[in-house]
Amino acid sequence: MSTYFDELETRSRDAREAAQLEALNVQLARQGIDPLEDLSGLSALPVLRKADLVAKQAAEPPFGGLPVSNLAHVFQSPGPIYEPGGLSHDWWRMGRFLNACGIGRGDIVQNCFGYHLTPAGMIFESGARAVGAAVLPAGTGQTELQARAARDIGVTAYAGTPDYLKMILEKADEVGLELRITRAAVGGGALFPSLRQYYADRGIQCLQCYATADLGNVAYESPEMEGMILDEHVIVELVTPGTGDPVPEGEVGEIVVTTLNPDYPLIRFATGDLSAVLPGESPCGRTNTRIKGWMGRADQTTKIKGMFVRPEQVAQLVAKHAEIARARVVASREGEMDVMTVRIEAEGGDAATYEGTVAEVLKLKGKVELVAPGALPRDGLVIEDQRSYD
(Lines give C-alpha, C1' and ligand atoms only; values in the text may rest on other atoms or scores of the structure.)
Protein backbone atom coordinates (compact mmCIF):
# COMPACT_ATOMS: atom_id res chain seq x y z
CA MET A 1 0.00 0.00 0.00
CA SER A 2 1.27 3.51 -0.83
CA THR A 3 2.74 5.55 2.00
CA TYR A 4 1.26 8.69 0.44
CA PHE A 5 -2.12 10.19 1.29
CA ASP A 6 -2.94 10.49 -2.43
CA GLU A 7 -1.31 10.86 -5.84
CA LEU A 8 -1.27 14.66 -5.54
CA GLU A 9 1.80 14.49 -3.29
CA THR A 10 4.03 13.15 -6.07
CA ARG A 11 2.75 15.04 -9.13
CA SER A 12 4.96 17.27 -11.24
CA ARG A 13 5.42 20.96 -10.53
CA ASP A 14 3.67 21.89 -13.79
CA ALA A 15 0.66 19.68 -13.02
CA ARG A 16 0.41 21.09 -9.50
CA GLU A 17 0.59 24.72 -10.61
CA ALA A 18 -1.96 24.20 -13.39
CA ALA A 19 -4.44 22.62 -10.98
CA GLN A 20 -3.87 25.31 -8.39
CA LEU A 21 -4.35 28.09 -10.94
CA GLU A 22 -7.64 26.57 -12.11
CA ALA A 23 -8.96 26.28 -8.55
CA LEU A 24 -7.72 29.77 -7.66
CA ASN A 25 -9.48 31.41 -10.60
CA VAL A 26 -12.77 29.80 -9.57
CA GLN A 27 -12.38 31.34 -6.13
CA LEU A 28 -11.36 34.73 -7.51
CA ALA A 29 -14.46 34.77 -9.71
CA ARG A 30 -16.67 34.26 -6.63
CA GLN A 31 -15.16 37.42 -5.15
CA GLY A 32 -15.45 39.46 -8.34
CA ILE A 33 -11.72 39.37 -9.15
CA ASP A 34 -10.48 38.90 -12.72
CA PRO A 35 -8.77 35.54 -13.45
CA LEU A 36 -4.98 35.28 -13.41
CA GLU A 37 -2.84 33.99 -16.27
CA ASP A 38 -0.39 32.36 -13.87
CA LEU A 39 0.23 32.08 -10.13
CA SER A 40 2.77 34.91 -10.16
CA GLY A 41 -0.16 37.28 -10.69
CA LEU A 42 -1.17 36.74 -7.06
CA SER A 43 1.47 39.25 -5.97
CA ALA A 44 -0.57 42.07 -7.53
CA LEU A 45 -3.55 41.35 -5.25
CA PRO A 46 -3.84 42.96 -1.79
CA VAL A 47 -2.67 41.12 1.32
CA LEU A 48 -5.36 40.34 3.90
CA ARG A 49 -4.01 40.81 7.42
CA LYS A 50 -5.63 39.64 10.66
CA ALA A 51 -6.40 43.22 11.65
CA ASP A 52 -8.15 43.68 8.31
CA LEU A 53 -10.17 40.50 8.87
CA VAL A 54 -11.19 41.64 12.36
CA ALA A 55 -12.38 44.96 10.93
CA LYS A 56 -14.26 43.27 8.08
CA GLN A 57 -15.99 40.89 10.48
CA ALA A 58 -16.94 43.72 12.82
CA ALA A 59 -18.49 45.62 9.93
CA GLU A 60 -20.21 42.56 8.41
CA PRO A 61 -20.47 39.73 10.96
CA PRO A 62 -19.63 36.98 11.28
CA PHE A 63 -17.26 36.38 8.31
CA GLY A 64 -16.67 39.82 6.87
CA GLY A 65 -18.68 39.25 3.70
CA LEU A 66 -16.49 36.40 2.45
CA PRO A 67 -18.41 33.75 0.45
CA VAL A 68 -18.68 31.03 3.12
CA SER A 69 -20.63 27.89 2.19
CA ASN A 70 -21.49 24.45 3.65
CA LEU A 71 -21.21 25.82 7.18
CA ALA A 72 -21.26 23.25 10.01
CA HIS A 73 -19.45 25.01 12.87
CA VAL A 74 -18.49 28.53 13.89
CA PHE A 75 -15.35 29.01 16.01
CA GLN A 76 -13.89 32.02 17.80
CA SER A 77 -10.21 32.82 18.15
CA PRO A 78 -8.54 35.75 19.94
CA GLY A 79 -9.19 39.06 18.17
CA PRO A 80 -11.95 38.09 18.12
CA ILE A 81 -11.86 36.35 14.75
CA TYR A 82 -14.65 33.99 13.72
CA GLU A 83 -13.75 30.95 11.62
CA PRO A 84 -16.16 28.63 9.82
CA GLY A 85 -15.84 24.85 9.87
CA GLY A 86 -17.18 22.25 7.49
CA LEU A 87 -17.83 18.52 7.57
CA SER A 88 -16.69 17.50 4.09
CA HIS A 89 -13.80 15.04 3.80
CA ASP A 90 -10.63 16.38 5.48
CA TRP A 91 -12.00 19.94 5.49
CA TRP A 92 -8.89 21.39 7.20
CA ARG A 93 -6.48 19.08 5.25
CA MET A 94 -4.96 17.54 8.38
CA GLY A 95 -5.28 13.95 7.15
CA ARG A 96 -2.26 14.40 4.91
CA PHE A 97 -0.10 15.20 7.94
CA LEU A 98 -1.46 12.37 10.10
CA ASN A 99 -0.84 9.96 7.22
CA ALA A 100 2.76 11.19 7.02
CA CYS A 101 3.01 10.44 10.76
CA GLY A 102 2.04 6.84 10.08
CA ILE A 103 -1.37 7.21 11.74
CA GLY A 104 -4.28 5.38 10.15
CA ARG A 105 -6.90 2.68 10.43
CA GLY A 106 -6.59 0.75 13.68
CA ASP A 107 -5.02 3.65 15.58
CA ILE A 108 -6.61 5.46 18.52
CA VAL A 109 -5.53 9.10 18.68
CA GLN A 110 -5.55 10.94 22.02
CA ASN A 111 -6.51 14.40 20.78
CA CYS A 112 -5.30 16.92 23.37
CA PHE A 113 -6.15 20.01 21.35
CA GLY A 114 -9.00 22.14 22.67
CA TYR A 115 -12.59 21.61 21.57
CA HIS A 116 -14.08 24.77 23.09
CA LEU A 117 -14.57 27.85 20.88
CA THR A 118 -11.27 27.44 19.00
CA PRO A 119 -11.10 24.92 16.13
CA ALA A 120 -7.86 23.02 16.89
CA GLY A 121 -9.62 19.98 18.39
CA MET A 122 -11.95 19.64 15.41
CA ILE A 123 -9.11 20.24 12.95
CA PHE A 124 -7.23 17.19 14.21
CA GLU A 125 -10.36 15.10 14.69
CA SER A 126 -11.31 15.74 11.08
CA GLY A 127 -7.81 14.64 10.02
CA ALA A 128 -8.07 11.45 12.10
CA ARG A 129 -11.40 10.67 10.46
CA ALA A 130 -9.81 11.15 7.04
CA VAL A 131 -7.19 8.44 7.74
CA GLY A 132 -9.61 6.07 9.47
CA ALA A 133 -8.30 6.47 13.03
CA ALA A 134 -10.47 6.57 16.15
CA VAL A 135 -10.26 9.54 18.53
CA LEU A 136 -10.20 10.04 22.29
CA PRO A 137 -11.38 13.71 22.49
CA ALA A 138 -9.23 14.55 25.51
CA GLY A 139 -8.49 18.27 25.39
CA THR A 140 -6.09 19.41 28.11
CA GLY A 141 -6.07 19.03 31.90
CA GLN A 142 -6.80 16.14 34.27
CA THR A 143 -3.48 14.61 33.29
CA GLU A 144 -3.76 11.51 35.48
CA LEU A 145 -7.19 10.70 34.04
CA GLN A 146 -5.71 11.17 30.56
CA ALA A 147 -2.88 8.77 31.35
CA ARG A 148 -5.32 6.16 32.68
CA ALA A 149 -7.62 6.53 29.67
CA ALA A 150 -4.64 6.15 27.33
CA ARG A 151 -3.71 2.88 29.07
CA ASP A 152 -7.27 1.54 29.38
CA ILE A 153 -8.33 2.04 25.76
CA GLY A 154 -4.95 1.37 24.17
CA VAL A 155 -4.15 4.79 22.72
CA THR A 156 -1.46 4.44 20.03
CA ALA A 157 -0.98 8.06 18.90
CA TYR A 158 -1.04 11.56 20.37
CA ALA A 159 -2.17 14.86 18.86
CA GLY A 160 -1.57 18.10 20.74
CA THR A 161 1.02 20.70 21.65
CA PRO A 162 4.61 19.42 21.74
CA ASP A 163 5.09 19.56 25.51
CA TYR A 164 1.82 18.18 26.86
CA LEU A 165 2.57 14.60 25.82
CA LYS A 166 5.62 14.71 28.11
CA MET A 167 3.35 15.58 31.04
CA ILE A 168 1.11 12.61 30.26
CA LEU A 169 4.09 10.25 30.00
CA GLU A 170 5.59 11.51 33.24
CA LYS A 171 2.27 11.10 35.04
CA ALA A 172 1.96 7.56 33.66
CA ASP A 173 5.44 6.77 34.97
CA GLU A 174 4.57 8.25 38.35
CA VAL A 175 1.48 6.08 38.84
CA GLY A 176 2.91 2.98 37.16
CA LEU A 177 0.96 2.90 33.90
CA GLU A 178 2.42 1.45 30.70
CA LEU A 179 1.29 3.30 27.58
CA ARG A 180 1.34 2.17 23.95
CA ILE A 181 1.83 5.56 22.25
CA THR A 182 4.36 5.29 19.41
CA ARG A 183 3.50 8.32 17.23
CA ALA A 184 2.89 11.97 18.00
CA ALA A 185 1.45 14.64 15.67
CA VAL A 186 2.12 18.05 17.20
CA GLY A 187 1.58 21.72 16.47
CA GLY A 188 0.75 25.03 18.12
CA GLY A 189 4.15 25.48 19.77
CA ALA A 190 7.88 24.99 19.40
CA LEU A 191 9.16 21.42 19.10
CA PHE A 192 12.69 21.73 20.50
CA PRO A 193 15.26 19.12 19.41
CA SER A 194 15.77 17.98 23.00
CA LEU A 195 12.04 17.29 23.39
CA ARG A 196 11.87 15.40 20.09
CA GLN A 197 14.83 13.32 21.27
CA TYR A 198 13.09 12.65 24.61
CA TYR A 199 10.18 11.14 22.69
CA ALA A 200 12.47 9.21 20.36
CA ASP A 201 14.26 7.69 23.36
CA ARG A 202 10.85 6.40 24.48
CA GLY A 203 10.11 4.88 21.08
CA ILE A 204 7.80 7.69 19.95
CA GLN A 205 8.20 9.30 16.52
CA CYS A 206 7.19 12.96 16.88
CA LEU A 207 6.46 15.07 13.79
CA GLN A 208 5.13 18.61 13.58
CA CYS A 209 2.87 20.61 11.30
CA TYR A 210 2.31 24.30 10.66
CA ALA A 211 -1.39 25.14 10.82
CA THR A 212 -3.60 28.06 11.84
CA ALA A 213 -7.21 28.40 12.93
CA ASP A 214 -8.04 30.43 9.82
CA LEU A 215 -6.25 28.31 7.24
CA GLY A 216 -6.08 24.75 8.55
CA ASN A 217 -2.93 22.82 7.68
CA VAL A 218 -0.35 24.73 5.66
CA ALA A 219 2.79 22.54 5.85
CA TYR A 220 3.94 19.36 7.58
CA GLU A 221 6.93 17.16 8.29
CA SER A 222 7.44 13.73 6.82
CA PRO A 223 9.53 11.06 8.59
CA GLU A 224 12.59 12.42 6.77
CA MET A 225 12.27 15.57 8.92
CA GLU A 226 13.92 17.79 6.30
CA GLY A 227 11.86 20.95 6.26
CA MET A 228 8.06 21.15 6.10
CA ILE A 229 6.24 20.16 2.92
CA LEU A 230 3.49 22.48 1.71
CA ASP A 231 -0.02 21.10 1.64
CA GLU A 232 -1.43 20.41 -1.82
CA HIS A 233 -4.41 22.78 -1.45
CA VAL A 234 -2.66 25.98 -0.43
CA ILE A 235 -0.54 28.48 -2.33
CA VAL A 236 2.22 29.93 -0.16
CA GLU A 237 4.17 33.11 -0.84
CA LEU A 238 7.00 34.54 1.24
CA VAL A 239 6.95 38.34 1.21
CA THR A 240 8.91 41.20 2.70
CA PRO A 241 7.24 42.02 6.05
CA GLY A 242 4.86 44.95 5.77
CA THR A 243 4.42 44.47 2.01
CA GLY A 244 2.98 41.98 -0.42
CA ASP A 245 6.21 41.76 -2.41
CA PRO A 246 7.66 38.24 -2.75
CA VAL A 247 11.25 37.76 -1.58
CA PRO A 248 13.79 35.91 -3.75
CA GLU A 249 13.83 32.14 -3.17
CA GLY A 250 15.88 31.19 -0.13
CA GLU A 251 15.43 34.51 1.67
CA VAL A 252 13.35 34.85 4.83
CA GLY A 253 9.91 36.35 4.39
CA GLU A 254 6.45 36.53 5.90
CA ILE A 255 4.22 33.54 5.13
CA VAL A 256 1.21 34.59 3.05
CA VAL A 257 -1.28 31.83 2.25
CA THR A 258 -4.07 31.44 -0.28
CA THR A 259 -6.35 28.50 0.52
CA LEU A 260 -8.04 26.50 -2.21
CA ASN A 261 -10.97 25.64 0.04
CA PRO A 262 -14.15 26.47 -1.91
CA ASP A 263 -16.16 26.72 1.35
CA TYR A 264 -13.92 29.46 2.79
CA PRO A 265 -11.60 31.07 0.24
CA LEU A 266 -8.94 33.23 1.87
CA ILE A 267 -6.83 35.10 -0.68
CA ARG A 268 -3.30 36.17 0.35
CA PHE A 269 -3.89 35.83 4.08
CA ALA A 270 -0.85 37.07 6.03
CA THR A 271 0.03 34.80 8.95
CA GLY A 272 2.56 37.10 10.62
CA ASP A 273 5.07 34.22 10.72
CA LEU A 274 8.48 34.10 9.03
CA SER A 275 10.02 31.27 7.05
CA ALA A 276 12.13 30.55 3.96
CA VAL A 277 11.97 28.09 1.09
CA LEU A 278 14.18 25.02 1.45
CA PRO A 279 15.64 24.16 -1.97
CA GLY A 280 15.00 20.81 -3.61
CA GLU A 281 12.50 18.07 -2.87
CA SER A 282 12.04 15.91 0.20
CA PRO A 283 13.86 12.54 0.20
CA CYS A 284 10.51 10.97 1.10
CA GLY A 285 9.37 11.40 -2.52
CA ARG A 286 6.80 14.16 -1.97
CA THR A 287 7.42 16.75 -4.66
CA ASN A 288 5.83 19.93 -3.29
CA THR A 289 7.86 22.93 -2.13
CA ARG A 290 9.32 22.80 1.38
CA ILE A 291 9.75 25.61 3.88
CA LYS A 292 12.19 25.67 6.77
CA GLY A 293 9.45 25.89 9.39
CA TRP A 294 8.70 28.69 11.81
CA MET A 295 11.50 31.29 11.93
CA GLY A 296 9.98 34.06 14.05
CA ARG A 297 7.29 36.71 13.77
CA ALA A 298 7.00 39.21 10.96
CA ASP A 299 5.32 41.83 13.13
CA GLN A 300 8.48 43.67 14.16
CA THR A 301 6.65 46.77 15.37
CA THR A 302 9.02 48.55 17.76
CA LYS A 303 8.62 51.62 19.96
CA ILE A 304 11.45 54.14 19.50
CA LYS A 305 11.50 57.45 21.36
CA GLY A 306 7.96 56.72 22.46
CA MET A 307 6.67 56.23 18.90
CA PHE A 308 5.80 52.94 17.19
CA VAL A 309 7.66 52.13 13.98
CA ARG A 310 5.96 49.47 11.86
CA PRO A 311 7.15 47.30 8.94
CA GLU A 312 4.53 48.91 6.68
CA GLN A 313 6.19 52.29 7.25
CA VAL A 314 9.57 50.89 6.21
CA ALA A 315 7.92 49.60 3.03
CA GLN A 316 6.49 53.08 2.39
CA LEU A 317 9.96 54.58 2.84
CA VAL A 318 11.39 52.23 0.19
CA ALA A 319 8.54 53.02 -2.19
CA LYS A 320 9.22 56.77 -1.97
CA HIS A 321 12.52 56.49 -3.89
CA ALA A 322 12.94 54.29 -6.97
CA GLU A 323 16.68 53.81 -6.35
CA ILE A 324 16.19 52.30 -2.86
CA ALA A 325 16.34 48.50 -2.97
CA ARG A 326 15.91 47.81 0.75
CA ALA A 327 15.85 49.58 4.09
CA ARG A 328 16.34 48.47 7.67
CA VAL A 329 15.53 50.45 10.82
CA VAL A 330 17.92 49.80 13.71
CA ALA A 331 16.92 50.82 17.24
CA SER A 332 19.80 51.30 19.69
CA ARG A 333 20.72 53.42 22.69
CA GLU A 334 23.34 56.04 23.44
CA GLY A 335 23.44 56.51 27.20
CA GLU A 336 19.78 56.71 28.25
CA MET A 337 18.52 57.91 24.87
CA ASP A 338 16.95 55.92 22.04
CA VAL A 339 18.67 56.22 18.68
CA MET A 340 17.10 55.31 15.34
CA THR A 341 19.41 54.52 12.43
CA VAL A 342 17.98 53.78 9.00
CA ARG A 343 20.28 51.72 6.80
CA ILE A 344 19.44 52.08 3.12
CA GLU A 345 20.59 49.98 0.17
CA ALA A 346 20.72 52.27 -2.85
CA GLU A 347 22.74 53.01 -5.96
CA GLY A 348 23.66 56.66 -5.41
CA GLY A 349 21.10 58.79 -3.68
CA ASP A 350 21.47 61.56 -1.15
CA ALA A 351 21.49 60.87 2.62
CA ALA A 352 20.08 64.34 3.37
CA THR A 353 17.10 63.74 1.09
CA TYR A 354 16.46 60.37 2.71
CA GLU A 355 16.57 61.95 6.17
CA GLY A 356 13.65 64.12 5.17
CA THR A 357 11.70 61.13 3.90
CA VAL A 358 12.50 59.19 7.08
CA ALA A 359 11.08 62.00 9.22
CA GLU A 360 8.02 62.26 6.98
CA VAL A 361 7.17 58.54 6.82
CA LEU A 362 8.40 57.22 10.17
CA LYS A 363 7.39 60.38 12.08
CA LEU A 364 10.83 60.37 13.75
CA LYS A 365 14.18 61.88 12.96
CA GLY A 366 16.99 59.39 12.57
CA LYS A 367 20.47 58.84 11.20
CA VAL A 368 20.70 57.54 7.65
CA GLU A 369 23.46 55.16 6.59
CA LEU A 370 23.85 54.37 2.90
CA VAL A 371 25.10 50.84 2.18
CA ALA A 372 25.92 49.03 -1.02
CA PRO A 373 23.29 46.87 -2.72
CA GLY A 374 23.29 43.41 -1.11
CA ALA A 375 24.85 44.64 2.14
CA LEU A 376 21.78 44.20 4.37
CA PRO A 377 21.18 40.69 5.79
CA ARG A 378 18.49 38.61 4.05
CA ASP A 379 16.98 37.45 7.34
CA GLY A 380 13.46 38.86 7.08
CA LEU A 381 14.10 41.75 9.47
CA VAL A 382 13.16 45.25 8.43
CA ILE A 383 13.23 46.56 12.02
CA GLU A 384 16.09 45.44 14.28
CA ASP A 385 16.03 46.23 17.99
CA GLN A 386 19.56 46.18 19.42
CA ARG A 387 18.60 47.60 22.83
CA SER A 388 19.16 45.48 25.91
CA TYR A 389 16.24 45.12 28.30
CA ASP A 390 18.12 43.27 31.06
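Against which elements do the buried residues of α8 pack? Keep that question in mind while opening this predicted model, and begin the tour at the helix itself.

**Stop 1: helix α8.** Select residues 311–319, which make up α8, and colour Pro311, Gln313, Val314 and Leu317, the residues of this helix that are buried. If you then turn the view until you look down the axis of α8, these buried residues fall within an arc of 160°, so they line one face of the helix. In general, an α-helix has 3.6 residues a turn, so residues three or four places apart point the same way. To answer the opening question, add β16 (307–309), β17 (324–334), β18 (337–346), α9 (351–362) and β20 (383–385) to the selection, since these are the elements against which the buried residues of α8 pack.

**Stop 2: the largest pocket.** Helix α8 leads on to the next selection, as it is one of the elements that give two or more residues to the lining of the largest pocket. That pocket has a volume of about 1,300 Å³, and 48 residues line it, with Tyr210, Thr212, Thr271, Asp273 and Arg297 lying nearest its centre. Besides α8, the elements that contribute two or more lining residues are α2 (50–59), β2 (81–85), α4 (120–130), β7 (205–212) and β12 (269–275); the largest share, five residues, comes from β7. Colouring the lining by residue class divides it into 21 nonpolar, 13 polar and 14 charged residues.

**Stop 3: the open sheet.** Strand β7, just met in the pocket lining, also belongs to an open sheet of nine strands, which you can follow in the order β4-β3-β5-β6-β7-β8-β9-β14-β13 and in which the pairing is mixed. At the edges stand β4 (134–137) and β13 (277–278), each with a single partner strand, so one side of each is left without a neighbour in the sheet. Zoom in on the β4 end, where four bridges join β4 to strand β3 (residues 108–111) and the two run parallel; here Ile108 stands opposite Ala134 in β4.

**Stop 4: the largest cavity.** Rolling a probe the size of a water molecule over the atoms shows where empty space is left. In this model the count comes to one cavity of 30 Å³ or more, and about 50 Å³ of space lies in the largest cavity. To display its lining, select Trp91, Trp92, Arg93, Asp214, Leu215, Gly216, Thr259, Asn261 and Tyr264, a set that divides into four nonpolar, three polar and two charged residues.

Notes. Residues are numbered from 1 along each chain as its sequence is written. This is a predicted model: local features need pLDDT of at least 70, side-chain atom pairs count only at pLDDT 80 or more; totals for chains, interfaces and linings use all residues. Side-chain values use heavy atoms; hydrogens and water are left out. On a 1 Å grid over the protein atoms alone, a cavity is a set of points where a 1.4 Å probe fits but cannot get out, and a pocket is an open set with protein on both sides within 12 Å along at least five of seven lines; lining residues have an atom within 4 Å of a point. Grid points are joined across faces, edges and corners, and a volume is the space filled by probe spheres set on the points. Ala, Val, Leu, Ile, Met, Phe, Trp, Tyr, Cys and Pro count as nonpolar, Asp, Glu, Lys and Arg as charged, and the others, Gly among them, as polar. Two strands pair if DSSP finds at least two bridges between them. Buried means under 20% relative accessible area, exposed over 50%, partly exposed in between (1.4 Å probe, protein chains only). The arc is that of the directions from the helix axis to the C-beta atoms. Contact means heavy atoms within 4.5 Å.
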